[in-house]
Amino acid sequence: MDRRVVITGLGIYSCIGENKEQVCDSLRNGRSGIGLDPARKEMGYRSALTGILRKPDLKGVLDRKQRNYLSEQGLYAYVATREALEQAGIDEAWLKENEAGILYGNDSCAEAVIRGTDIIREKKNTILVGSSNIFQSMNSTITMNLATIFNLRGINFTVSGACASGSHAIGMAYLLIRQGLQDCIICGGAEEVNIYSVGNFDALSAFSVREDNPAAASRPFDRNRDGLVPSGGAATVIVESYESAVRRGATILGEVLGYGFSSNGEHISTPNVDGPKRSLQMALDCAGLRAEDIQYINAHATSTPVGDLNEAKAIHEVFGDCRPLVNSTKSYTGHEMWMAGASEIVYSMLQMQNGFVAANLNFEEPDEASCYLNIPKERVEMEFDTFLSNSFGFGGTNSSLVIRKFKE
């Protein structure tokens, strides 16, 4: 089988907005979600920079047991998923009567693991950890909790592919639906934002230390970038077969045309050019498109010196003189880690739906590679119908997705 795969719902909870409307407004108006967390300095971090977002209060929405079983990123994922399901027109009754699955990107549960271990060390009694800790600390915390809360009876597992996790989740759903193995899958990615979650990244000197002006710290493609800014939240994309969407009478927002993937096969943390290039080309080939068909690229570009440089080279080698508009929405949010591959599909869809390409914030001076790309310093009002989104991660994992506005 070779079925069409469409998008019918989007949900987002991030540092630039707690729903799609707030996020779109931030992208349109160049509003950063990055700030300082003083607790990080107290804990010994080099950099206190991070995306700033509050934990949602789900009292009165979920029962006590459901709330307790959710990790921090699980709270974000629940809110994003509820928004996406609402837009897709999928309610509790439909989920009970039909087989829907879940594939969600998640790579760490640091806070739950550390808090649970601290209790055992201090009290010398495992019983005092409580029954909820195991469900918060497992890597599959999001899929197991959301599958239970929403009564999901289809495919159910966590995609753990470093900072490409959310993108790979959508790509895997695309393949399963295209092959006729599933009709509807809740996809996404989530990342916790707490003092425990990224201390080891800080130890690598991976973070920007531009603390005097947090909004200017994340500088994808800019010559003077000095590192990424950690962030998080959750994003959900409802992916289903065209037949399923039509049968439900759903509004179709877009179509997943292609999924490309590759592994660099070299350094564990330093990306190369060849891996991303092959992922980009595979996505185009899978979609049956040429470079000139892509009007906008949401780059992975995290604001690291080598990562941005090599991605810019890969994009230029594949797209050459076609020069689609390229931005990195991480200039607004920082690097949302395991969430980023899914959130950047949402950010790109919002731009496409509303006829603009957001400015690449803090892009003041191109380097020797980004000078070849068409990177907007200001918002561009432009109708477009096809985009590509890149996501790369430690270990050399790469994912590229091609999405198009739905056409009959």
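This is a guided tour of a predicted model, moving from the whole chain to its largest pocket and then to two loop residues.

Start with the whole protein chain selected and shown as a cartoon, where the secondary structure amounts to 15 helices and 14 strands. The radius of gyration is 20 Å, close to the 22 Å that the globule rule gives for 408 residues, so the chain is as compact as a globular protein of that length. If you align the view to the principal axes, the C-alpha atoms fill a box of roughly 65 × 55 × 40 Å.

Keep the whole chain selected, but colour by accessibility: of the 408 residues, 61% count as buried. The accessible surface comes to about 15,500 Å², and 49% of that area belongs to carbon and sulfur atoms. If you then draw contacts between residues with a separation of 6 or more, 79% of them come from residues 24 or more positions apart.

Next, turn to the empty space. Rolling a probe the size of a water molecule over the atoms shows where such space is left. The largest pocket has a volume of about 550 Å³, and of the 35 residues that line this pocket, the closest to its centre are Ser269, Pro271, Thr302, Thr304 and Phe394, which make a convenient selection on which to centre the view.

With the view centred there, select helix H13 (305-319), strand S13 (386-393) and strand S14 (397-404), each of which supplies at least two residues of the lining of the largest pocket. Which element gives the most to this lining? Helix H13 does, with six residues. Colouring the lining of the largest pocket by class then separates 14 nonpolar, 18 polar and three charged residues.

Leave the pocket and select Asn151, which is found in the loop between helix H8 (141-149) and strand S5 (156-159). Most residues other than glycine have a negative phi. Asn151, although it is not a glycine, has a positive phi of about 60°. Is this residue buried, partly exposed or exposed? Asn151 counts as partly exposed because its relative accessibility is 30%, and the class in between runs from 20% to 50%.

Finally, select Ser205, in the loop between helix H10 (199-203) and strand S7 (233-241). Here too the backbone deserves a look, since the phi of Ser205 is near 60°, a positive value in a residue other than glycine. With a relative accessibility of 44%, Ser205 counts as partly exposed.

Definitions and conventions. Residues are numbered from 1 along each chain as its sequence is written. This is a predicted model: local features need pLDDT of at least 70, side-chain atom pairs count only at pLDDT 80 or more; totals for chains, interfaces and linings use all residues. Side-chain values use heavy atoms; hydrogens and water are left out. On a 1 Å grid over the protein atoms alone, a cavity is a set of points where a 1.4 Å probe fits but cannot get out, and a pocket is an open set with protein on both sides within 12 Å along at least five of seven lines; lining residues have an atom within 4 Å of a point. Grid points are joined across faces, edges and corners, and a volume is the space filled by probe spheres set on the points. Helices (H or I, at least four residues) and strands (E, at least two) are DSSP runs, numbered from the N terminus. Ala, Val, Leu, Ile, Met, Phe, Trp, Tyr, Cys and Pro count as nonpolar, Asp, Glu, Lys and Arg as charged, and the others, Gly among them, as polar. Buried means under 20% relative accessible area, exposed over 50%, partly exposed in between (1.4 Å probe, protein chains only). The radius of gyration is taken over C-alpha atoms; the globule rule is 2.2 Å times the number of residues to the power 0.38. Contact means heavy atoms within 4.5 Å. Accessible areas come from the Shrake-Rupley method with a 1.4 Å probe; for residues, only the protein chains shown count as cover.
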